[in-house]
Amino acid sequence: MHRDQAKNIIEAMLFVSDKPLFLNEINGVLDEFKAQDIKDVISELSKEYEDASRAFRIKEIAGGYQITTDPSLASWLKKLYKTSGADRLSGPSLETLAIVAYKQPATKPEIETIRGVNVDGVLKTLIEKSLVRITGRRDTVGRPILYGTSQEFLQYFGLNSLEELPKLEEFNITEQDIELPEHLRKEEETTPGPGSGVVYTEGKDEAVQSS
Amino acid sequence: MSYKVKLDVFEGPLDLLLYLIKKSEIDIYDIPIADVTEQYLEYIELMRMLDLNIAGEFLVMAATLIHIKSKMLLPPEEKELLPEEEEDPREELVRRLLEYKKFKEVAGVLQDLEGQRKKMFTRASAFEGEPEEKFFEASLFDLITALTKVLKDVPKEVFQDIVKDEFTVEQKVHDLLHILVNTSLLHLSEIFKKCRNKAEIIATFLAVLELIRLKEIIVVQNHSFSEIEVIRNEKHRLRVE
């Protein structure tokens, strides 16, 4: 088979698929090609879209490839689908997800210890949304249920893998800082970590409106 | 002092504490515990006045703060001798605050990612319209929503007599169990439809809750806001005399 034909087939598959396509799925159809060849063809396609300023992009999401629209077109598409952005996750949901993502597999009490509040409801919603899944039970007294993030979690946040999340240490405060004796701590200036400026913009908006 | 902050923004006691620390530009490692405790209690009082539901966790934290405050008031025990092992009563709290703050920041990152992702549209599932037999257990809120919906539909003026315990939850539990002996699935709205007045609806609703508690029935919903179905819990065979 000619490489150009393979390229068309791959493009067609990505076009048709409603979920990220895994390399081995594509390879299963085009079995005479090596995985690396397919990867190359995909990045070629991706580059073509970008170079020609086409409406599409190919994004690596949740370990697969998916055609998405160019983010700069979002405002028009939102008009078409009349999405207001109200379908965003709430603060508690995001916090809980953050804890699950980094501490997985985690039990409910572990999540609650960090958040300082009960997470029954939030956890349930997140499971219903398939963003969090039950990964098993811990082999200790009571065999507590363990929670972890799902494939949908990666898709939802447009991540290829959990590795793409910033390291916890990047948030300035490391475990070591916490253990430091007090007289040493004070000398360290706390500089805001990445993302600290955007925490709870939603909440801030509300505060402004109500004042 | 005027409070213009929307109070229910605080999702928990740690969230509120972080806010107070940020607002007063306090060093998180050296929290003036007396001040913060006072401000914290003021907020709780305000929340109470506004009839906001104060979660128990807020009160636990209030107790913790007061405990730390009282500990700090006590004279330090020979701290010259063992300066390194001297334990600051605030240490545990600071550790928890920092840990929480970290994840709150991660939540901010996730929120950004979510925003970016929402700007990228992908092909919607072609099978979305197909009826999917995927349901999840209806939550208490779903049930309450269903109840309020039914209560709204009840004709208002028709029943003005004072009904004296005409309908008991106990009776309704029995009725429901009897119905469920013959049918395995009931629509919640149908159960309510048979009720003649508010009192009966409420008794029925409480009976449904009771049966859920007793694990005799399961309530399910195919998707959000859809009809709530009541199913007999087969694993927990009912015993009707």
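# A guided tour of chains A and B

Start in chain A, where β1(A) and β2(A) form a hairpin with 2 residues between them. In the turn, A:Ala62 has a positive phi of about 50 degrees. The model is a predicted one, and the tour goes through chain A before moving to chain B.

**Stop 1: the hairpin**

Select residues 56–61 and 64–69 of chain A. These are strands β1 and β2, which pair in the antiparallel sense over 6 bridges. At the turn end of the selection, look across from A:Ile61: the residue opposite, in β2(A), is A:Gly64.

Next, pick A:Glu60, which belongs to strand β1 of chain A. What does A:Glu60 touch, leaving aside residues up to four places away in sequence? The contacts are A:Tyr65 and A:Asn160. Add A:Gly158 to the selection as well: A:Glu60 and A:Gly158 are 98 residues apart along the chain, yet their C-alpha atoms are separated by 8.0 Å. Is A:Glu60 buried, exposed or partly exposed? A:Glu60 counts as partly exposed because 18 other C-beta atoms lie within 10 Å, while a buried residue needs 20 or more.

**Stop 2: A:Phe15 and A:Ser53**

Move to helix α1 of chain A, residues 3–16, and select A:Phe15 in it. Now add A:Phe56. The two residues are 41 apart in sequence, and the distance from C-alpha to C-alpha is 9.7 Å. A:Phe15 is exposed, since it has 10 other C-beta atoms within 10 Å and the limit for exposed is 12 or fewer.

Then go to the loop between α3 (35–51) and β1 of chain A, where A:Ser53 lies. A:Ser53 is not a glycine, but its phi is positive, at about 55 degrees. Most residues other than glycine have a negative phi, and most peptide bonds are trans. A:Ser53 counts as exposed, because it has 8 C-beta neighbours inside 10 Å.

**Stop 3: a cis peptide bond**

Select A:Gln104 and A:Pro105. The peptide bond that joins them is cis, with omega at about -5 degrees. A:Pro105 sits in the loop between α5 and α6 of chain A.

**Stop 4: the largest nonpolar core**

Show both chains for this stop. The largest nonpolar core has 48 residues, and the members that touch the most others are A:Leu97, A:Ala98, A:Val100 and B:Leu110. Which helices each supply at least two residues of this core? In chain A they are α5 (91–103), α6 (108–115), α7 (120–128) and α8 (151–157); in chain B they are α1 (13–23), α2 (33–49), α3 (56–73) and α4 (91–118). The largest share, 9 residues, comes from α4(B).

Zoom in on B:Leu110. Setting aside residues up to four places away in sequence, B:Leu110 touches A:Leu94, A:Leu97, A:Ala98 and A:Phe157. A second core, separate from this one, has 18 residues, including B:Ala146, B:Ile201, B:Phe205 and B:Val219.

**Stop 5: chain B as a whole**

Colour chain B by secondary structure. How many helices and strands does chain B have? There are 8 helices and 4 strands, and from the N terminus on they run α-α-α-α-β-α-α-β-α-α-β-β. Of the 241 residues in chain B, 25% are buried. Among contacts in chain B with a separation of 6 or more, 67% are between residues 24 or more positions apart.

In the loop between α1 and α2 of chain B, select B:Glu25. B:Glu25 has a positive phi near 50 degrees and is a residue other than glycine. With 6 other C-beta atoms within 10 Å, B:Glu25 is exposed.

**Stop 6: two helix pairs in chain B**

Begin with α2(B) and α3(B). Their axes come within 10 Å and cross at roughly 155 degrees, and the two helices are therefore roughly antiparallel to each other. The crossing of α2(B) past α3(B) is left-handed. Residues making the contact include B:Tyr40 and B:Leu41 of α2(B), and B:Leu65 and B:Ile66 of α3(B).

Finish with α6 (residues 169–182) and α8 (residues 198–213) of chain B, whose axes come within 8 Å and cross at roughly 65 degrees. That angle makes α6(B) roughly perpendicular to α8(B). Here the crossing is right-handed. On α6(B) the contact is made by B:Val169, B:Lys172, B:Val173 and B:Leu176; on α8(B), the residues include B:Ala203, B:Ala207 and B:Leu211.

How values were computed
Residues numbered from 1 in each chain as written. Chains lettered and ligands numbered in written order. Predicted model: local features only at pLDDT ≥ 70, side-chain atom pairs only at ≥ 80, totals over all residues. Pairing = 2+ DSSP bridges. Contact = placed C-beta atoms within 7 Å. Core = buried A, V, L, I, M, F, W, Y, C linked by C-beta atoms within 7 Å. Axes fitted to C-alpha atoms, helices over the stretch in contact; angles between N-to-C directions. Parallel < 35°, antiparallel > 145°, perpendicular 65-115°, else oblique. Left-handed = near helix turned anticlockwise from the far one by under 90°.
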